Amino acid sequence: MTERSSCQDLLQRLSAYIDNEASKAICEEIERHLAECDNCRIMLDTLRKTISLYQIVDTADEIPNEIQERLLKTLTIDDVWPKDSSNPPVDP
Amino acid sequence: MDKENTPSIKALKAGDRDAYAQMVELYSPKIYRLALRMVDDPHEAEDILQETFLNAFRAIEQFEGRSSLGTWLYRIAANQALMHLRKKSPTLVSVDELIPSLDDPDQKRELADWCCLPEDEFMTTEAQAMLKDAIQDLSPTLKTVFILRDLHHLTTRETAQVLDISESALKTRLLRARLQLRDSLSSYFSERVKEIDND
């Protein structure tokens, strides 16, 4: 296998490797290649960094109270909203 | 995806309003964030949120339970968001399944390693704006895949169910989305590495 085709193979398998979805044999093959190929190592590191940067800055699944209130009114369930909800509608 | 506090499907199908409220309480923050990440506009995201739950309430009778309730709601929301995006940019509907080749001239050059930049560099207002622009530059389908898989942490199977595509097609699109974002970030951060080296 040429170095170039090895790099191309690695690129195809990068997501699976990052997501721990690649088999043990493929992981070992990728790691052997990474030990000898700077470009692929940088590709992997910068790809991981890219994903983590998005995850760091965008973590909260929150909804503003006023949007929640309007949703409940549209759905006409504002009267049965759980009383122990952490994000209850506020009376106007 | 959430299994705790999931309302009973039987109660939802029976029109139990408490079960509806429970469903909204559990999933509305996730659906709103998905919509906001997709369309990058709070007003439009609110429209998508409302359309999602209105459609879900109307269609709950037809819910067959082949996927989880959460996956089903994500599917309705993703479709609503895609419709909004396509209305705004009707030409942005194609999905490029090709993975960039390392034989491409751009890929043959030595790659810049910008991971070594100080962490502050990634958090500047300019860098954050660039991150936001890069994700909005993805095609609607690639954006959906990246958001569901990497930001909402759905599994490969769940994401494929939401988009009604094979797991293999999903993996190809995810790689494509990640590589496109990496390329966008590399253009910016590689320059920052050079600027810092020259200082």
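Helices are taken here as DSSP runs of at least four residues, numbered from the N terminus. On that basis, chain B of this predicted model contains ten helices and zero strands. From the N terminus on, its elements run α-α-α-α-α-α-α-α-α-α. Chain A is also described by helices, with four of them and zero strands, in the pattern α-α-α-α along the sequence.

A look at confidence helps to set the scene. The predictor assigns the complex an ipTM of 0.86 and a pTM of 0.87. For chain B the mean pLDDT is 88, and 88% of the residues reach 70 or more. Within chain B, confidence is highest in H3(B), at a mean of 96, and lowest in helix H5 (residues 105-108), where the mean is 51. Readers may wish to keep H5(B), with its mean of 51, in mind when viewing the model.

The two chains can be described by burial and by contact range. Of the 92 residues in chain A, 18% are buried; for the 199 residues of chain B, the share is 38%. In chain A, 32% of the contacts between residues at least 6 apart in sequence join residues at least 24 apart. In chain B, residues 24 or more positions apart account for 68% of the contacts with a separation of 6 or more.

Chain B is assigned two domains, domain 1 (9-88) and domain 2 (105-198). Their C-alpha centres lie 26 Å apart. Where they meet, 13 residues of domain 1 are in contact with twelve residues of domain 2. On the domain 1 side, the elements that give two or more residues are H2(B) and H4(B), and H4(B) gives the most, with seven residues. By class, this side of domain 1 has six nonpolar, two polar and five charged residues.

Helix H4(B) itself deserves a closer look. This helix covers residues 69-88, 20 residues in all, and reaches 29 Å from its first C-alpha to its last, close to the 28 Å expected at 1.5 Å a residue. Its buried residues are Leu69(B), Gly70(B), Trp72(B), Leu73(B), Tyr74(B), Ala77(B), Ala78(B), Gln80(B), Ala81(B) and Leu85(B). An α-helix has 3.6 residues a turn, so residues three or four places apart point the same way. Within the buried set, Ala77(B), Ala81(B) and Leu85(B) can be picked out along the helix as examples. The cover over the buried residues of H4(B) includes H1 (9-13), H2, H3, H8 and H9 (156-163) of chain B.

Ala77(B) also leads into the interior of the model. The largest nonpolar core has 59 residues, and those with the most contacts inside it are Val24(B), Ala35(B) and Ala77(B). H2(B) gives the most to this core, with 13 residues. The core draws at least three residues from each of domain 1 and domain 2 of chain B. Leaving aside residues up to four places away in sequence, Ala35(B) touches Ala45(B), Ile48(B), Leu49(B), Ala77(B) and Ala81(B). Two of these partners, Ala77(B) and Ala81(B), are among the buried residues of H4(B).

Turning to the meeting of the chains, 39 residues of chain B are in contact with 36 residues of chain A. On the chain B side, the elements that give two or more residues are H2 (17-39), H3 (42-59), H7 (125-136), H8 (140-151) and H10 (167-198). The largest share, twelve residues, comes from H2(B). This side of chain B has 20 nonpolar, six polar and 13 charged residues. H2(B) thus appears in the description of the chain contact, of the core and of the domain contact.

Two loop residues round off the picture. Most residues other than glycine have a negative phi. Asn20(A), in the loop between H1 (3-18) and H2 (24-36) of chain A, has a positive phi near 55°. Asp164(B), in the loop between H9 and H10 of chain B, likewise has a positive phi, near 55°. Are these residues buried or exposed? A residue counts as exposed if 12 or fewer other C-beta atoms lie within 10 Å of its own. Asn20(A) is therefore exposed, because it has 7 C-beta neighbours inside 10 Å. Asp164(B) is exposed too, because 9 other C-beta atoms lie within 10 Å.

Methods: Residues are numbered from 1 along each chain as its sequence is written. Chains are lettered from A and ligands numbered from 1 in the order in which they are written. This is a predicted model: local features need pLDDT of at least 70, side-chain atom pairs count only at pLDDT 80 or more; totals for chains, interfaces and linings use all residues. Two residues are in contact if their C-beta atoms, placed from the backbone, lie within 7 Å. Ala, Val, Leu, Ile, Met, Phe, Trp, Tyr, Cys and Pro count as nonpolar, Asp, Glu, Lys and Arg as charged, and the others, Gly among them, as polar. A residue is buried if 20 or more other C-beta atoms lie within 10 Å of its own, exposed if 12 or fewer, and partly exposed in between; C-beta atoms are placed from the backbone. The expected span of a helix is 1.5 Å times one less than its number of residues. pLDDT is the predictor's confidence in each residue, from 0 to 100. A nonpolar core is a set of buried Ala, Val, Leu, Ile, Met, Phe, Trp, Tyr and Cys residues joined through C-beta atoms within 7 Å. Domain bounds come from an automatic or database domain assignment.
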